[in-house]
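Biologist: Before I trust any labels on this one, I'd like to hear what stands behind them. Can we go through it together?

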Amino acid sequence: MCGIVGYVGEQHPKEILINGLKKLEYRGYDSSGIALVGDKDIQIIKALGRIVNLEEKLEKSKVVDSHLGIAHTRWATHGGVTEANAHPHRVGKVTLVHNGILENAASLKEDLIKEGVKFNSDTDTEVGAALINKYYDGNPLYAIKKATSKLKGSYAFGVIFDGDPKLYAIRKDSPLIIGYGKDGNYIASDIAAIINYTKEYSLLDEGEIAVLDDEKIEVFSDGKMVTKKKITATITAEDADKCGYDHFMMKEIMEEPKVLANLFERYSDFDKLPDLSKYKEIHIVACGSAMYAGIVGASLIEEKCNIKCYVECASEYRYKKVIYDRKTLVILISQSGETADTIAAMRKAKDEGIETLAVVNVETSTIARECDNALFIGAGVEVAVATTKAYILQVAMLSMLVIRTVNDKKALKEAKKIPGLLNNILEHKDIFEGVGREIYKVRDAFFIGRGIDYAMCMEGSLKLKEISYIHSDAFQAGELKHGTISLIEKGVPVFAIITDENIKDKTESNVVEVKSRDASIYTITNDDTVPNHGFRYVVPKVSPYFQALLLVPVLQLIGYYTARYKGLDIDKPRNLAKSVTVE
Ligand code: F6R
């Protein structure tokens with residue numbers, strides 16, 4: 001989703017802001033823009049597409065002398081991908097960038113038009129700028145407070161007022177941090193954007209207004225100045241670098257053994273983990289891959305702990321009627337900790353007085369801070385839009401919760417071996433390059449499996465479709481006959497995942513059904529007695545706690561190489577955003 005970076009200080013902001021935008025690219029965007037405050041005027045430059053286009057435009061322009069600027073990557077929500085809709089937006093004396101969605105923008109806009117305001121874009125953001133301008137009578141804090149009190153929805157704003165050398169920021173339901181530098185101060189959507197300049201930052205809390213100048217940052221809450229807790233970032237500049245890999249996605253897949261070993265080590269004293277047996281019911285709520293990780297976990301929770309476990313996508317859960325048993329635990333899974341639907345689902349459970357537990361990567365995120373308890377997976381920075389190392393850790397974290405609940409100490413010994421096994425699979429990654437080469441021209445692909453294998457099929461299918469743009473679906477192998485088998489035709493790749501000993505013969509018989517309709521079969525199994533119908537990859541057999549983990553890199557690499565053969569922008573697939581901070 002949209003990215004914000006702002007700077008005020010001794011340096012010229014241009015380079016700082018462009019570098020910041022590049023570090024925010026992973027969030028997903030389709031246009032970008034920058035505003036530089038000059039002596040006489042504010043220079044605004046916008047470009048469609050990649051940030052290099054903005055850089056080119058800046059190079060061709062006579063850039064003003066400046067010490068204050070804001071910049072933005074836009075992921076279109078209100079209004080198409082046009083320069084007019086790109087940020088920053090300027091209305092009257094106000095120039096701003098925005099991340100979020102102003103839900104009542106349409107009605108506010110009508111009123112503002114009646115009052116004579118002229119709009120130049122289709123965005124909700126311009127309405128925000130117009131509203132702040134309306135209330136601006138020389139007092140920025142008053143204007144921001146008054147305008148935001150009228151807004152519904154989510155926003156992180158970076159705001160500049162004509163003739164005022166300061167930078168202002170406020171947020172609600174969209175992330176924004178303030179960074180303390182040596183020769184100036186910063187605002188940013190996340191610390192990665194400014195990590196090359198400072199490691200010291202604070203999280204801006206909901207409703208607080210930050211006022212930055214080149215020497216200090218003041219934060220006000222309800223008109224009173226507050227002292228912010230400073231955080232030292234643990235990420236390094238290297239985290240936001242490809243380190244020799246062609247893509248962040250490959251770098252992050254290759255990091256899986258290391259981060260997995262760290263997670264097992266961190267939670268080896270498993271008594272510190274929550275014991276799930278005290279709950280009658282568990283709801284796992286998340287979005288996308290995080291939800292698929294939840295499905296793997298739910299299967300283990302039910303199988304091993306005998307606790308009813310439901311998995312729901314957060315965008316449904318937040319609006320549906322949920323009949324809670326008082327002894328329910330709601331587990332929210334999120335890499336970013338900022339996914340709008342997952343945050344809403346968490347708040348719904350909390351409002352009902354139901355206990356919440358986060359399985360989260362970003363330790364300073366909203367979900368990490370608001371959940372009753374949080375388990376941090378420690379994936380480090382994940383830059384590629386498609387999640388890889390965070391997904392495997394989400395699955396591993398749920399496995400650890402199950403192991404703790406059933407108090408299986410033997411499993412902890414086995415856990416130590418898993419990173420090494422994963423490493424062996426990654427050492428043979430060329431095998432999956434071969435699969436990518438074979439399938440990259442196909443129109444459709446299917447994944448079939450049963451039980452946990454089906455949960456893995458869903459993730460494998462999502463990985464393939466989101467980065468290679470090949471239509472892909474996951475089916476429960478036993479359901480094929482009830483309609484979907486009509487999609488099977490000559491040469492269509494069908495990936496069959498077969499690791500569950502109890503139902504392997506059942507899935508294999510479904511494989512034979514699609515094979516006899518001339519599908520190309522790619523079997524991924526942990527059992528070398530499962531027939532090879534052309535391609536078969538055998539992962540080591542381990543206990544059910546860990547079996548899914550060994551399938552993860554296989555599925556991710558198939559998606560990766562397929563997209564690579566298609567020559568696609570693997571780290572930034574079209575239309576997708578890393579952190580889905582709006583509904
Ligand atoms: C897919 C992917 C997404 C995320 C989903 C939830 O590769 O990355 O499906 O898993 O958007 O994001 P988080 O985990 O940040 O809540």
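Modeller: Here are the terms, each set against its definition.

Modeller: This is a predicted model, so local features need pLDDT of at least 70 and side-chain atom pairs count only at pLDDT 80 or more, while totals for chains, interfaces and linings use all residues. Residues are numbered from 1 along each chain as its sequence is written, and side-chain values use heavy atoms, with hydrogens and water left out.

Biologist: Which residues come nearest to the ligand?

Modeller: Ser334, Gln335, Ser336, Thr339 and Glu466, out of 14 residues around the ligand. A residue is near if one of its heavy atoms lies within 4 Å of the molecule.

Biologist: What makes the ligand's approach to the side chain of Thr339 a polar contact?

Modeller: The cut-off is a pair of N or O atoms within 3.5 Å. An oxygen atom of the ligand is 2.5 Å from an N or O atom in the Thr339 side chain, so the pair qualifies. The Glu466 side chain also has an N or O atom 2.5 Å from a ligand oxygen, and for Gln335 a polar backbone atom is 2.6 Å from one.

Biologist: How much of the ligand does the protein bury?

Modeller: 90% of the 400 Å² that the ligand exposes when taken alone. Those areas come from the Shrake-Rupley method with a 1.4 Å probe.

Biologist: What makes residues of the ligand's shell count as nonpolar, polar or charged?

Modeller: Ala, Val, Leu, Ile, Met, Phe, Trp, Tyr, Cys and Pro are nonpolar, Asp, Glu, Lys and Arg are charged, and the others, Gly among them, are polar. By that rule the shell has five nonpolar, seven polar and two charged residues.

Biologist: Why are S3 and S15 said to stand at the edges of the sheet?

Modeller: The open sheet has eight strands in the order S3-S2-S4-S1-S10-S9-S11-S15, with antiparallel pairing. Strand S3 (42–48) and strand S15 (231–232) each have a single partner strand, so one side of each is left without a neighbour in the sheet. Strands here are DSSP runs (E, at least two residues), and helices are runs of H or I with at least four, numbered from the N terminus.

Biologist: How do you know that S9 and S10 pair?

Modeller: Pairing takes at least two DSSP bridges. Strand S9 (residues 177–180) and strand S10 (residues 184–188) have four, in the antiparallel sense, so they pair. Ile177 stands opposite Ala188 in S10.

Biologist: What makes the bond from His87 to Pro88 cis?

Modeller: Its omega is near 0°. Most peptide bonds are trans. Pro88 lies in the loop between strand S4 (68–74) and strand S5 (89–91).

Methods. Polar contact = N/O pair within 3.5 Å; in protein donor to acceptor, adjacent residues only side chain to side chain.
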